[in-house]
Amino acid sequence: MINTNLSRFDEVRDTQMTYRQLLDCMARPGKINSVSLSIQKVDANLPCSPRVFMMAATLLDREVTFHLISPKKDEAVRFIEWRMRSRQEEINQADYLFIDLRIDPIQIDEMMDVIRVGTLQNPDQSATLILGVDDLSDHADLPLALRLRGPGIKEKKELSIAGMDPEWVRKRRQINKEYPTGCDFIFITATGKIAALPRTTLVESEGL
């Protein structure tokens, strides 16, 4: 039986707060916000992780679709479909892709080759990726150090990430090269740090 003890989590107030933090992250690429107070209210024994639940509760409803890659995937998908009234689709059809599991570069390439990037007429039909990572920093002190430029950034912005394969950045660059098509990235840690890379953000990093 699915444990649905969410008594401490306010699905209106906490998701509204998370959504505001996400919008701020999208407007200011590379800025790190925190939803730690809300994520701490989510039962750690749910079929999906607290960070996936938090983001799913904020972004999903019956009008949009998702695809989940995570431990205990089947149980987690059933729970999210039941709780959010959303439905899982294949990767090439999903509006939101939740990646809560390390996957290898080959799997990343296969996913990014079919992900929705919208069209010139309808760029809003692209997908958004929500990646679970180990840590985020606004200094170049974590394994994957990125220098960001573009709209919403004054000159440049540093963002470094732990627990993210560089292949994500390489493939992002490839599929985002024909603006306005492309996809947006949201990063979230288990403790509730969040940051975003809209498709308009240029990413520089040594070795990529």
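This report describes the pockets and the cavity of a predicted model.

## Basis

Local features of this predicted model need pLDDT of at least 70, side-chain atom pairs count only at pLDDT 80 or more, and totals for chains, interfaces and linings use all residues. Residues are numbered from 1 along each chain as its sequence is written, and side-chain values use heavy atoms, with hydrogens and water left out.

## Largest pocket

The largest pocket (an open set of points on a 1 Å grid over the protein atoms alone, with protein on both sides within 12 Å along at least five of seven lines) holds about 290 Å³ of space. Of its 15 lining residues (those with an atom within 4 Å of a point), Met-26, Leu-59, Tyr-96, Thr-128 and Asp-184 are the closest to the centre. Two elements each give two or more residues to this lining: helix 1 (13-27) and strand 9 (184-188). Helix 1 gives the most, with 4 residues.

## Second largest pocket

About 150 Å³ of space lies in the second largest pocket. Its lining includes Arg-172, Arg-173, Tyr-179 and Arg-199. Helix 6 (167-175) and strand 11 (202-204) are the elements that give two or more residues to this lining.

## Cavity

The structure holds 1 cavity of 30 Å³ or more, a cavity being a set of grid points where a 1.4 Å probe fits but cannot get out. The space in this largest cavity is about 40 Å³. Among the residues that line the cavity are Arg-51, Phe-98, Asp-100 and Ile-188. Helix 3 (50-59), strand 4 (96-99) and strand 5 (128-132) each give two or more residues to the lining.

Technical notes
Points joined across faces, edges and corners; volume = space filled by probe spheres on them.
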